[in-house]
Amino acid sequence: MYPSLHLNLGEAYRRLSGHARARAHLDQGRAVAALADDGYGRMIIGGLERLGWRGLSRTGGNGLVDMIEHHPDAAFGHLGTPRLILRRFVPDDLAAFVEYRCDPEVARYQSWDAPFSVESGERFLAELATAHPGTPGEWFQFAVCRRVDGVLIGDCAACSTAHDPRLVEIGFTFARAHQRRGYATEAVGHLLQYLFTAQHERPPAHRVSASCDVRNVRSAGLLERLGMRREAHHVESAWYGGEWTSEYTYAQLRREWFTQRSAAP
Ligand SMILES: CC(C)(COP(=O)(O)OP(=O)(O)OC[C@H]1O[C@@H](n2cnc3c(N)ncnc32)[C@H](O)[C@@H]1OP(=O)(O)O)[C@@H](O)C(=O)NCCC(=O)NCCS
């Protein structure tokens with residue numbers, strides 16, 4: 001009833017195409033397969049998972065499980081913009097990282113409280129040492145340094161959603177001394193370009209979103225400058241710093257990003 005599969009991505013895609021209880025199609029250049037949730041289907045799903053495919057949420061009641069080829073960007077090294085380098089954090093970043101996280105102005109609308117301890121910083125950087133961008137369900141923090149002198153000025157972060165890694169959330173933090181110089185726009189803009197482009201077998205993001213406290217006008221301004229759309233105003237939706245806070249959610253689709261930049265995806 002099923003095609004016999006050599007669990008090779010290209011093969012899986014070709015052989016599954018058109019089959020009654022198993023379908024496959026190309027989405028943004030990557031293979032997406034839908035397999036029946038029965039004994040044989042689950043065997044194929046297990047094989048695909050061993051090859052790095054991910055199960056997506058079930059589609060509307062047709063009994064099929066959607067799968068997508070997904071690999072974290074384990075080969076990630078660094079990204080470059082005219083003035084900045086986005087790279088992996090290294091142990092030498094600890095002092096500068098803890099310093100800007102300790103600034104109450106920087107921490108005001110963030111998930112941590114200032115002061116931020118050196119031990120928390122060490123733990124954070126140790127966890128990042130073995131992490132890769134694009135790992136579903138995990139945040140990855142990119143250190144942002146000035147090209148001219150290598151000084152760490154802040155960080156950007158991205159998290160691929162666990163149930164569908166094509167949906168990505170971002171965050172960003174810049175040291176007060178390095179704000180209002182266009183660095184955040186340059187770094188986060190480049191992060192979006194990276195996320196919307198397939199890299200080292202990581203599929204491109206379909207949608208990137210970000211949330212911010214409605215009082216965080218600089219964060220909202222940055223997201224709007226980058227062309228993100230305010231999609232939601234959640235009223236008292238999060239408990240931060242001992243109070244209910246309201247949040248905006250911004251988002252952008254891949255096709256919108258490339259259309260705005262008049263470049264083919
Ligand atoms: C959110 C945050 C990253 C925004 O930073 P930002 O300084 O507003 O953004 P940029 O670095 O892109 O700077 C943009 C400003 O620099 C100006 N600028 C100066 N030189 C520039 C240059 N060479 N190129 C571009 N812009 C330049 C721009 O005109 C703009 O000014 P404006 O805000 O008066 O319009 C920053 O406020 C921050 O880190 N806050 C603390 C952490 C935080 O709250 N994170 C978000 C949680 S949701």
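**The ligand shell, the core and the helices around them**

Of the 20 residues around the ligand in this predicted model, those that come nearest are Gln179, Gly182, Ala184, Thr185 and Arg218. Three elements each give two or more residues to this shell: strand S9 (167–174), helix H6 (183–195) and helix H7 (217–225). By character, the shell divides into eight nonpolar, nine polar and three charged residues.

It helps to place this site in the chain as a whole. The chain holds eight helices and twelve strands, and 31% of its 265 residues are buried. Among contacts between residues at least 6 apart in sequence, 53% join residues at least 24 apart.

The largest nonpolar core has 42 residues. Val144, Cys156, Ile170, Val188, Leu191 and Leu195 are those with the most contacts inside this core, and H6 gives the most to it, with seven residues. Valine 144 offers a view of the surroundings of one such residue: leaving aside its neighbours within four places in sequence, valine 144 is in contact with Leu84, Leu86, Ile153, Gly154, Asp155, Cys156 and Ala187.

Helix H6 deserves a closer look. At 1.5 Å a residue, its 13 residues should span 18 Å, and the end C-alpha atoms of H6 are indeed 18 Å apart. The buried residues of H6 are Ala184, Ala187, Val188, Leu191, Leu192, Tyr194 and Leu195. Seen down the helix axis, these buried residues fall within an arc of 160 degrees, so they line one face of H6. One of them, Ala184, is also among the residues that come nearest to the ligand.

Helix H7 also contributes to the ligand shell. In H7, the buried residues are Ser219, Leu222 and Leu223. Because they cover an arc of only 95 degrees around the axis, they sit on the same side of H7. Their cover includes H6, strand S10 (207–213) and strand S12 (243–253). After H7 comes glycine 227, with a positive phi near 90 degrees.

Helix H5 (residues 118–129) can be described in a similar way. Its twelve residues should span 16 Å at 1.5 Å a residue, in agreement with the 16 Å between its end C-alpha atoms. Gly121, Leu125 and Leu128 are buried in H5, and they lie on the same side of the helix because the arc they cover around the axis is only 60 degrees. What covers these buried residues includes helix H3 (94–101) and strand S7 (139–146). Turned away from the buried side of H5 is a face that carries the exposed residues Glu119, Arg123 and Ala126.

Some backbone details complete the picture. In the loop between helix H4 (104–107) and H5 lies proline 115, joined to alanine 114 by a cis peptide bond with omega about 0 degrees. Arginine 180 is a residue other than glycine with a positive phi, near 65 degrees. Arginine 180 has its place in the loop between S9 and H6, and counts as exposed because it has 10 C-beta neighbours inside 10 Å, where 12 or fewer is the limit for an exposed residue. Glutamate 236, in strand S11 (residues 229–240), likewise has a positive phi, here near 45 degrees. With 10 C-beta neighbours inside 10 Å, glutamate 236 counts as exposed too.

How values were computed:
Residues numbered from 1 in each chain as written. Predicted model: local features only at pLDDT ≥ 70, side-chain atom pairs only at ≥ 80, totals over all residues. Near = placed C-beta within 6 Å. Helix = DSSP H or I, 4+ residues; strand = E, 2+ residues; numbered from the N terminus. Nonpolar A, V, L, I, M, F, W, Y, C, P; charged D, E, K, R; others polar. Buried ≥ 20, exposed ≤ 12 C-beta atoms within 10 Å, placed from the backbone. Contact = placed C-beta atoms within 7 Å. Core = buried A, V, L, I, M, F, W, Y, C linked by C-beta atoms within 7 Å. Arc of directions from axis to C-beta. Expected span 1.5 Å × (residues − 1).
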